Amino acid sequence: MGIVAGLDSSSAFTRIVVCDADTGAVLRQGYAPHPVEAKATDVDPQAWLLSLGEAAAGGLLEGVQAIGVSAQQHGLIPLDTSGTPVRPAMVGNDKRAQAAAADLVEGFGGRQAWAEAVGCVPQSGLPVSKLRWLARTEPEAARRTALVLQPHDWLVWQLLGRPARRTTDRGAASATGYWSAGTGSYRPDLVELALGHQAALPEVLGPSDAAGTTPEGLLISAGTGETMAAAFGLGLGTGDAVVSLGATGSVMAIHHDALADPSGMITSFADATGMHLPVVHTLNAVRALRGTAEMLGVENLSELSALAVKSTPGSSGLVLLPYLEGERTPHLPHTAGTLTGLRRESMKPEHLARAAFEGMLCSLADALDVLRGRGVVVRRVFLLGQAAELPAVQAAAPAIFAAQVVVPQPADYAALGAARQAAWALGAAQGTLAPHTPPSWQGAAAQVFEAGDELAVGQAVRQQYAATREQIHPGAFNP
């Protein structure tokens, strides 16, 4: 069918993969950092275009027929009536809007009202919260805001030459706080609640739709957010979940329906294929491992893992509730971590090391159970992040999660997902692919781990953890 490209514009860099449209085989790759400080919260969006141009240098895109765009989620680019930014873009990891998010939650009637309206409860990162911050902190810029885009929307618009039509997709729109994955529609009243007046919003395209064609004849697909692109690049389907091990953690799964969660623990995203992508976040994952490593005086997580495997399941009775920064799942924002089960025989470094791994995994299993409790089927768990390579994680995770665990080889999955979407849009435009049937690309190369005979042991570890959590934080999951 041809050659396609996927580009991922993250918070720090642009990656591009050029792929065979039929098989997904990677033919060429490009990379360039963004010319901005890594922790900058205000960014000139032109920096993303400069990075894109550098990543595509040297004829990387020669012969490419279609491009898909993935980009950092939750960024906000407020534009005036001429399409000029009224201020620098606010990026996704900006924490300034925490108070604004709390104001919105209270102003619209609480967490349940938001969850029912748009499938998520405002947090500091969501564009809707950034709009409220803008209205309160920079009222002149807010007054001039006539159009609101996210980074993915803005990049697609720029690649197409800034046409009158501005577009986004279901995945990116579902991460705004003013578009509902359940109803498939915007809530302009929430934009007005946040900003103080209405603003134009991009048209939401379907999964195989094209955003347009460049003057040179290059087709640009709908594009999507990084999370949705990565799920598509991994080849996730019904029954699959992803557990992401960063400093914080997240659990997401493919599901056929949007989930409105009155507790606000589930964020109801849409995916890049027409399905749904419910996500549950935890505030503590690898940070609990790093803290334990520092406490024990070991140099890195590999050494902590080696220490942990010297212990046995259950950590000789030690249980670590890893709520070091408070916790979001369950909703315990002001709590602290807890270590219980201290006895003379348990006070050994290897038992504390293992308790840290078991605590992290049990906390994420709690998050998985939030989804399972709402009817989400989880048969297979993809583990992402550097900690997924640690033997202590790989040995314990299948039995604690009660599922097959897949550890994919490192790859640019968001860029691959964007490329796969480009191939879908190209095939639909050419009539070689059905609009509802994405191209069948080979799945990610991976290691696969089964619980086997250890399942009962893993579930006993879960029970020990759950009993401790319930004793210290009774009713945390049933307030």
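These legends accompany several views of one predicted protein model.

**View 1. The whole chain, with its 15 helices and 24 strands.** The radius of gyration is 23 Å, close to the 23 Å that the globule rule gives for 479 residues, so the chain is as compact as a globular protein of that length. Along its principal axes, the C-alpha trace spans about 75 × 50 × 40 Å. Among the contacts with a separation of 6 or more, 71% join residues 24 or more positions apart.

**View 2. The surface and charges of the chain.** The accessible surface comes to about 18600 Å², and carbon and sulfur atoms make up 52% of that area. Of the 479 residues, 55% count as buried. The chain carries 32 positive and 43 negative charges, and the mean positions of these two groups are 4 Å apart.

**View 3. A close look at Thr 292 in helix H10.** Helix H10 covers residues 286-296. Thr 292 counts as buried because its relative accessibility is 6%, below the 20% cut-off. Leaving aside neighbours within four places in sequence, you can find Thr 292 in contact with Leu 304, Leu 320, Leu 352, Ala 353 and Ala 356.

**View 4. A close look at Thr 167 in strand S9.** Strand S9 runs over residues 167-169. With a relative accessible area of 5%, Thr 167 is buried too. Setting aside neighbours within four places in sequence, the contacts of Thr 167 are Asp 153, Val 156, Pro 202, Glu 203, Leu 205 and Ala 211.

Terms used. Residues are numbered from 1 along each chain as its sequence is written. This is a predicted model: local features need pLDDT of at least 70, side-chain atom pairs count only at pLDDT 80 or more; totals for chains, interfaces and linings use all residues. Side-chain values use heavy atoms; hydrogens and water are left out. Helices (H or I, at least four residues) and strands (E, at least two) are DSSP runs, numbered from the N terminus. Buried means under 20% relative accessible area, exposed over 50%, partly exposed in between (1.4 Å probe, protein chains only). Contact means heavy atoms within 4.5 Å. The radius of gyration is taken over C-alpha atoms; the globule rule is 2.2 Å times the number of residues to the power 0.38. Accessible areas come from the Shrake-Rupley method with a 1.4 Å probe; for residues, only the protein chains shown count as cover. Lys and Arg count as positive and Asp and Glu as negative; His and the chain ends are not counted. The place of a charge is taken as NZ of Lys, CZ of Arg, CG of Asp or CD of Glu.
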